[in-house]
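Trainee: I would like a close look at one part of this chain, the nonpolar core and what surrounds it. Please take me through it in one go.

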Amino acid sequence: MYYAYNMDNITIKAMVMRTLSSREVQKNFGSVADLVKAGESVRVTQYGRPAFVMIPESQDTEELLRRMAGKRLVRLLKEATPSAEAQALTQQDVNNLINECFA
């Protein structure tokens with residue numbers, strides 16, 4: 001069952017995801033790969049807990065992964081305790097560091 005929705009001009013097909021154990025994926029990798037290539041996402045568990053998700057490649061895959069990484073980074077930064085040096089940085093210092101990263 002698919003649900004299509006739009007996130008900032010990226011159409012995403014969401015669905016009730018199939019869940020398989022890592023052992024099932026190992027034993028049936030070719031079949032699982034065929035499912036994913038056909039457009040189905042698969043959640044893989046290890047010891048009964050979600051470990052990772054396999055998603056089909058699409059024109060929007062890189063953008064979706066970039067956004068997911070951004071959300072994860074924001075969460076990690078919110079959880080982090082800044083050092084005294086980091087707390088002393090001004091907004092201009094932060095902007096300069098960002099600009100150096102992309103230079």
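Mentor: What follows starts at the core and then moves to some residues beyond it. Keep in mind that this is a predicted model.

The largest nonpolar core has seven residues in all: Leu20, Val25, Val32, Val36, Val42, Val44 and Met54. Helix α2 and strand β4 each supply at least two residues of this core.

Take Val44 as the way in. Leaving out residues up to four places away in sequence, Val44 touches Leu20, Val25 and Met54, among others. Its contacts also include Ser21 and Ser22 on one stretch of the chain, and Arg49, Pro50, Ala51 and Phe52 on another.

Next is Val53, which sits in strand β5, residues 49-54. Val53 is partly exposed, because its relative accessibility is 40%, while the cut-off for buried is under 20%. A core of this kind is a set of buried residues, so Val53 does not qualify at 40% relative accessibility. Val53 nevertheless touches the core through Val42. Its other contacts, again without residues up to four places away, are Met17 and Arg43. The C-alpha atoms of Val53 and Thr19 are 9.0 Å apart, although 34 residues separate the two along the chain.

The loop between α2 (29-37) and β4 (42-46) holds Glu40. Glu40 counts as buried because its relative accessibility is 15%. The side chain of this buried glutamate has a partner: a polar contact of 2.7 Å joins Glu40 to the side chain of Arg18.

On the other side of β4 in sequence, the loop between β4 and β5 contains Tyr47. Tyr47 is exposed, because 81% relative accessibility is above the 50% cut-off. The backbone of Tyr47 is also worth a look: phi is near 55°, a positive value in a residue other than glycine.

For contrast with the core, turn to nonpolar side chains at the surface. Leu89, Val94, Leu97, Ile98 and Phe102 make a nonpolar surface patch of about 470 Å². One of them, Phe102, lies in the segment after α5 (91-101). Phe102 counts as exposed because its relative accessible area is 73%.

To go over it on screen, begin with Val44 and its contacts, including Leu20 and Met54. Then compare buried Glu40 with exposed Tyr47, and end at the patch that includes Phe102.

How values were computed. Residues numbered from 1 in each chain as written. Predicted model: local features only at pLDDT ≥ 70, side-chain atom pairs only at ≥ 80, totals over all residues. Heavy atoms only, no water. Helix = DSSP H or I, 4+ residues; strand = E, 2+ residues; numbered from the N terminus. Buried < 20%, exposed > 50% of the residue type's maximum accessible area, 1.4 Å probe, protein only. Polar contact = N/O pair within 3.5 Å; in protein donor to acceptor, adjacent residues only side chain to side chain. Contact = heavy atoms within 4.5 Å. Patch = residues over 30% accessible without salt bridge, like charges linked within 9 Å, V, L, I, M, F, W, Y side chains within 5 Å. Areas by Shrake-Rupley, 256 points an atom, 1.4 Å probe, with all protein chains shown as cover. Salt bridge = Lys/Arg side-chain N within 4 Å of Asp/Glu carboxyl O. Core = buried A, V, L, I, M, F, W, Y, C linked by side-chain atoms within 4.5 Å.
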